[in-house]
Amino acid sequence: MAEPPRFALAREFVRHVGEPVAVVIAETAAQARDAADLVEVVYETLPAVVDATAAMQETAPQLHAVAPGNICFRFARGDEAVVRKAFAGAAHIVRLDLVNNRLIGAAIEPRAVLADGSANGKVTLYCATQVPHHIRRVVAEQLNLPQTAIRLIAPDVGGGFGYKGKHYPEETIVAWAALRLRRPVKWIGTRSECFVSDNQGRDHQTELALDSKGRFLALRVDTVANLGAYVSTFGAGIPSAIYTALLAGVYRTPAIAVQSVGVFTNALPTDAYRGAGRPEACYVLERLADEAARQLGLDRAEIRKHNLIAADAMPYKTPIGPTYDCGNFPKVFDRLLQIADYDGFAKRQRRPANGRKLRGFGVACYVESSGVAPSRFATALGARVGFFEAATIRMQPDGSVQALLGTHNHGQGHATTFAQIIASRLGVRMSDVQIIEGDTDQVPFGSGTFGSRSIAVGGSALDRATVKLIEKGKRIAAHLLEASADDISFAGGEFSVTGTDRRVKLTDVARVAHVPTSYPAELELGLAESAVYDPPSFAWSNGAHACEVEVDRDTGEIRVAGYWAVDDVGTVINPLIVEGQIQGGIAQGLGQALREHCVYDAEDGQLLSGSLMDYALPRASDMPKIVSEFDESEPCPHNPLGAKGCGEAGAIGAPTAIVNAVLDALEQAGVNGLQLPLTPERVWRAIQT
Ligand code: MCN
């Protein structure tokens, strides 16, 4: 992989609009803006290329000396020879060109950094990030400081969606300035700055072919991924390791070969954005399944049922690497068709409410590699960090509990769900539990929150810490109850001598651990335990989503009339929170399918969708009523909670379910094969022509 240097301030070349070139520090933001206007940069305009396929042409401007042809990497999986053979003998080949549109993250609050460098040699960095320990490490490396010289505090950050989980130049610049000036320095992005400074998402062009006799025989996928001007933190990992691993989806296609090429262009860097590689994989497979059904005259549900991996095939090794350890895809799919009344759709389609409206129905199944990530897997791919998680539980003498985790909450309800885990394990009240995240001086280790990992990895570390705490508690209780620790059991917040009514409360054990009137001589005082959890595999969340739309023939406007989701996120800790997470993801998926599109001028690389006036986010009025169900029959077999991640599920299934529904409707108008996003204008033009 070519890894060109990326400096906090551009040197010699500016490679994308918005790349910082100078920093102005003043007493007030207004002064700083005025002073910035006085900075004169003399640019020599160089040719630009913003499209990834165009950037691969021989004549394209070259961005980096270390990346000839603008190629960052070529990543392949599967056996090309086997696939070629299967294609040669196939009855049908279905081919599609797909574009996965570039998206701009738009959390409620922009990014922000405040550094206090007044303490000798030490800087406290308040930072709107999802990955506090990671940012501490990178800033320390860049400023040549020990990690202990930086305290990173990430309080409520106003949403993140993945793009706040990456390192940005401003974090280093502000820390550096604060250390130089020995006083606090603050930068807060304006909404417009977010458009030209924050990582963007998706931007894939994919061509694929599939052989079919109604059964999928082989799949070939060629993807060109636009990385933008630099490799962002996970920028190269998303379209390579993560996206390609999921191209078997829920289907038992025996031969698969995938090639993904990461390309540099004069656009902002792309990186993880809710779903990160998984929506792209789902889009490829599920658009293809619909197209195959259309060309072969098969029912869309039937072709899928024909090819789904059976529950008794688990564990199922895909031909491109991953092994799914659980999941009942046919059951989830059947349930979806039932709740969405798929059988009744033909009737609904024949009689739309208004004659000018076209009605369509779409489905999309997905598998998600949540619980990112087994460190073994990540480090083998070149990640220079482990992806495990750590949790510490401290019981105070009064019986209240503090839990410190390296994950980060920015809207996922960790304070509730993690407190639930502790309360159920230790038999304490939820109101007696305090969850602490987002402070590197308090929490010893952390990988942060992304990749729907907090429950499966952080929650599992927490669970392990409770087990250790109970084990120690048993030894203290054994001493107090004058019994052997082997005879002590724990339930409902009490230790008891098995088969007797002798018991002592955990809260009393906690008090004795701090006020040792009677305490085992061989034990250390205190009641605090830490645990680390490194997942042996991903937690394979999966699901099936369906959508019904009405397309207005005269305006191209699309109304999502119904939306149904059946998701297998393993054991659900908090149904209300999970439902909210699924809904939020679907809202973002709807945005990708129907509204959002990041556009650069192909000639000069200017960002044309540079504000919320040009970049349309979905609104509350665009959202349908969502019917959401969970299938908990297949808990994750390798983590103690049985939980799989849910934070991205909606954003994975929704874009494709919605697009498939719109294309189904448009077929009645003779329209096929539109690219994302399906804006009213694009749909209207297609109907007209
Ligand atoms: N949960 C549960 N039972 C399960 C699975 C999860 O009760 N079987 C709970 C968890 O305990 C947690 C929540 O659901 O409270 C989400 O858990 P998880 O799926 O582990 O996801 P993370 O907490 O790791 O959050 C990351 C995920 C990602 S990758 C993005 S992007 C995202 C998202 O969550 N960004 C969000 N949800 C978001 N929600 C808000 N409001 N804002 C964002 O920026």
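How many bridges join strand β8 to β9, and in which sense do the two strands pair? In this predicted model, strand β8 (residues 216-228) and β9 are paired in the parallel sense over 10 bridges. Within this pairing, R220 stands opposite A257 in β9. The chain passes from β8 through helix α7 (residues 238-245) to β9, and the resulting β-α-β crossover is right-handed.

Strand β9 also pairs with strand β1 (residues 71-78), here in the antiparallel sense and over seven bridges. F75 has S260 in β9 as its bridge partner. Strands of a sheet pair through backbone hydrogen bonds, and the pairing is either parallel or antiparallel. Strand β9 spans residues 255-264, and nine of its 10 residues are buried, so the strand is largely enclosed by the rest of the structure.

A further set of strands forms an open sheet of four, in the order β12-β20-β21-β22, with mixed pairing. Its edge strands are β12 and β22 (626-630), each of which pairs on one side only. From one strand to the next, the twist averages 10°. Helix α10 (residues 329-339) packs on this sheet and touches β12, β20, β21 and β22; the direction of the helix makes about 145° with that of β21. Helix α16 (residues 575-594) lies across β20, β21 and β22 and runs at about 130° to β22.

Within the four-stranded sheet, strand β20 (residues 539-552) is mostly covered, with 14 of its 14 residues buried. Both of its faces are covered. One side carries A539, S541, G543, H545, C547, V549 and V551, and the other carries W540, N542, A544, A546, E548, E550 and D552; all of these are buried. The buried residues of β20 thus include charged side chains such as E548, E550 and D552. Strand β12 (residues 357-370) is joined to β20 by 14 bridges, and the two run antiparallel. Two of the positions along this pairing can be named: Y366 stands opposite G543 in β20, and E368 has S541 in β20 as its bridge partner.

Strand β21 (residues 558-568) is joined to β20 by 10 bridges, again with the strands running antiparallel. N542 stands opposite D568 in β21. The two strands β20 and β21 form a hairpin with five residues between them. In the turn of this hairpin, G556 has a positive phi of about 80°.

Another open sheet consists of three strands in the order β16-β17-β18, with antiparallel pairing. The edge strands are β16 (488-491) and β18 (503-505), and each pairs on one side only. Neighbouring strands of this sheet are turned against each other by 25° on average, direction ignored. Strand β16 pairs with β17 (residues 494-497) in the antiparallel sense over four bridges. F490 has F495 in β17 as its bridge partner. Helix α15 (residues 506-514) lies across β16, β17 and β18, and its course is at about 70° to β18.

The surroundings of one histidine were also examined. H133 is found in helix α4 (residues 132-142). With a relative accessible area of 6%, H133 counts as buried, because the cut-off for a buried residue is under 20%. The side chain of H133 reaches the backbone oxygen of V443 at 2.8 Å. Leaving aside residues up to four places away in sequence, H133 touches T440, V443, P444, F445 and G446. V443 is therefore both a residue touched by H133 and the one whose backbone oxygen is reached by the H133 side chain.

The model also contains a ligand, which is surrounded by 32 residues. The closest of these are Q412, H414, S454, Q581 and C646. Several distances to the ligand involve backbone atoms. A backbone N or O atom of Q412 lies 2.6 Å from an oxygen atom of the ligand, and a backbone N or O atom of I455 lies 2.9 Å from an oxygen atom of the ligand. For Q581, a polar side-chain atom lies 2.6 Å from a nitrogen atom of the ligand.

Terms used
Residues numbered from 1 in each chain as written. Heavy atoms only, no water. Pairing = 2+ DSSP bridges. Axes fitted to C-alpha atoms, helices over the stretch in contact; angles between N-to-C directions. Contact = heavy atoms within 4.5 Å. Buried < 20%, exposed > 50% of the residue type's maximum accessible area, 1.4 Å probe, protein only. Right-handed = clockwise from strand over helix to strand, strands pointing away. Near = heavy atom within 4 Å. Polar contact = N/O pair within 3.5 Å; in protein donor to acceptor, adjacent residues only side chain to side chain.
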